[in-house]
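Visitor: Please take me through a close look at one part of this protein, and then show me what surrounds that part. I am in my first year, so I would be grateful for each step of the reasoning.

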Amino acid sequence: MDGMLESIAGRKDDLVALTRDLIRFPTVNPPGEAYVPCAEFLGRRLQASGFATEFVRGEGAPGDNDYFPRMNVIARREGKSPGPCVHFNSHIDVVEAGDGWTVDPFEGVVRDGRVYGRGACDMKGGLAASVVAVEAFIEAFPDYPGAIEISGTVDEESGGFGGVAYLAKRGYFSHPRVDHVIIPEPLNKDRVCLGHRGVWWAEIETMGEQAHGSMPFLGDCAVRHMGALLAAFEDKLFPALDTRQTRMPVVPEGARRSTLNLNSVHGGQTDDYTGLPSPNVPDSCKLTIDRRFLLEETISDVKGEVIAILDDLKATRPKFDYEIRDIMEVMPLMTEKDAPVASAVAHGIQTIFDREPDYVISPGTYDQKHIARLGHLYDCVAYGPGILDLAHRPDEWVGIEDMIQSAQVMALALHELLFARQR
Ligand SMILES: [Zn+2]
């Protein structure tokens, strides 16, 4: 085992080079640039390590077209005897670079023990670490049982529909093909991420009646009705959510409760004013809400308390009327701490850092949701290098030593999972 860990440490230059190579593909999503060359690059690397590769395009998924095909790569290497399959899944897409960078975001600058670039932390550093971990494991234990898979999937940043969701619907993340999944998202090198909070996105529309803006009393202003709803939210909903704590170990601590974001509100004249006024009383106002909920809450309770406030306004406020449309829902997820993959990663952290890991829950969702809901596979955690707070920010970076240590943890976890039944 020590030989494998030393071998990973000795692969530092290769790990840095692989991370830089991945960063140099500007896989910005949207629109989904450079997916094909990045997937092919990863596929070639894994073919050279004895993996069989499959390229699966998320045909018909949102954003998929011939200019921006949603190209995924799945690589599999069979062991010498039957056994479980461990799958490392990383998304290859990144969010746009944005402003405020002091280095080229797609160059892969190395400085002070860090690799800088868009996606360095989220999550090309984690992908590179998993590849190097697996390669070192194969060299140390060439006769391993079972199978190892590594995938590079797309569109995680936009919901994962052309990536993990597409594949999970087609059995790529289900028994008997796969048994354990590790997602090297940047949750910090000494933490095991067991899952995420739930999400409910909805659009609420208040109705009014159009009239000339100089005589608003002849119409009915939908924006004022929305104002009444927002006031009721301030009054009743936000204080109620603030009190609702969870046993889920969400990080950061502020997210260890129910939250609501008012994502957008719009009514009346368009916000790109052209100099042509439109003096109307608005007959519609739309609000998009982003509600994050907990294992202790059910989706019907979450929706019910918003609808109760709307119905109360309808009963008490003259002419108040509304419609509500669901946009998205994701159930909260928490893998048990004693699940095989969670304890294998925990043991790896214990060995490398000589301490118990922290168990955390992500405040937002990631591709684990599709693996659970569509793949019906629950032995899944997120574990990878990179500091969560750096994701999506200017001058994003990943620590080189962090990548090496987390690769060691991944290789140890892989060993435990594949050899478990033989002990
Ligand atoms: Zn990510």
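Guide: Let us take helix H6 as our part: what covers its buried residues includes strand E9 (198-207), strand E10 (259-267), strand E11 (284-293) and helix H7 (299-316). Please keep in mind throughout that this is a predicted model.

The residues of H6 that are covered in this way can be named: Ala222, His225, Met226, Leu229 and Leu237 are buried. A residue is called buried here if 20 or more other C-beta atoms lie within 10 Å of its own.

Next, consider the length of H6. The helix runs over residues 222-242, which makes 21 residues, and at 1.5 Å a residue it should span 30 Å. The C-alpha atoms at its two ends are 28 Å apart, so the expected span and the model agree. The axis of H6 also has a bend of about 40°, located at Phe233.

Where does H6 sit in the protein as a whole? The protein is divided into two domains: domain 1 is made of 2-196 together with 333-422, and domain 2 is 198-330. The centres of domain 1 and domain 2, taken over C-alpha atoms, are separated by 37 Å. Where the two domains touch, domain 1 contributes 7 residues and domain 2 contributes 9 residues. On the side of domain 1, the largest share, 3 residues, is supplied by strand E14 (residues 358-362). Sorted by kind, the residues on that side of domain 1 are 5 nonpolar, 1 polar and 1 charged.

From the helix we may turn to a strand, E7, which offers a useful comparison. Strand E7 covers residues 180-183, and both of its faces are covered. His180 and Ile182 lie on one side, Val181 and Ile183 lie on the other, and all of these residues are buried. E7 has pairing partners as well. Strand E3 (residues 81-91) pairs with E7 in the parallel sense over 3 bridges, and within this pairing Phe88 has Ile182 as its bridge partner. Strand E15 (residues 380-382) also pairs with E7 in the parallel sense, over 3 bridges. Here Ile182 stands opposite Val381. Ile182 thus appears in both descriptions, as the partner of Phe88 and as the residue facing Val381.

One residue of E3 deserves a closer look. Asn89 belongs to strand E3, and it is buried because 32 other C-beta atoms lie within 10 Å. Beyond its neighbours within four places in sequence, Asn89 is in contact with Ser151, Thr153, Val164, Val181, Ile183 and Asp367. Among these, Val181 and Ile183 are the residues on one side of E7. Asn89 also shows how the chain brings separated positions together: Asn89 and Pro184 are 95 residues apart along the chain, yet their C-alpha atoms are separated by 7.0 Å.

The loop that follows E7 leads to strand E8 (191-196), and Asn188 is found in that loop. The phi angle of Asn188 is near 85°, a positive value in a residue other than glycine. Asn188 has 20 C-beta neighbours inside 10 Å, so it counts as buried. Asp354 makes an instructive counterpart: its phi is positive too, about 55°, although it is not a glycine. Asp354 is found in the loop between helix H8 (340-353) and E14. Is Asp354 buried or exposed? Asp354 is exposed, because 7 other C-beta atoms lie within 10 Å, and a residue counts as exposed if that number is 12 or fewer.

A further sheet shows another sense of pairing. Three strands, in the order E4-E5-E16, form an open sheet with antiparallel pairing. Its edge strands are E4 (110-111) and E16 (397-399), each of which pairs on one side only. Strand E5 (residues 114-116) is joined to E16 by 3 bridges, and Val115 stands opposite Val398.

Finally, two peptide bonds should be noted. The bond from Pro30 to Pro31 is cis, with omega near 10°, and Pro31 is found in the loop between helix H2 (12-23) and helix H3 (35-48). The bond from Asp122 to Met123 is cis as well, with omega near -5°, and Met123 is found in helix H4 (residues 120-140).

Conventions:
Residues are numbered from 1 along each chain as its sequence is written. This is a predicted model: local features need pLDDT of at least 70, side-chain atom pairs count only at pLDDT 80 or more; totals for chains, interfaces and linings use all residues. Helices (H or I, at least four residues) and strands (E, at least two) are DSSP runs, numbered from the N terminus. Two strands pair if DSSP finds at least two bridges between them. The expected span of a helix is 1.5 Å times one less than its number of residues. The bend at a residue is the angle between axes fitted to the seven residues ending there and the seven starting there. Domain bounds come from an automatic or database domain assignment. Ala, Val, Leu, Ile, Met, Phe, Trp, Tyr, Cys and Pro count as nonpolar, Asp, Glu, Lys and Arg as charged, and the others, Gly among them, as polar.
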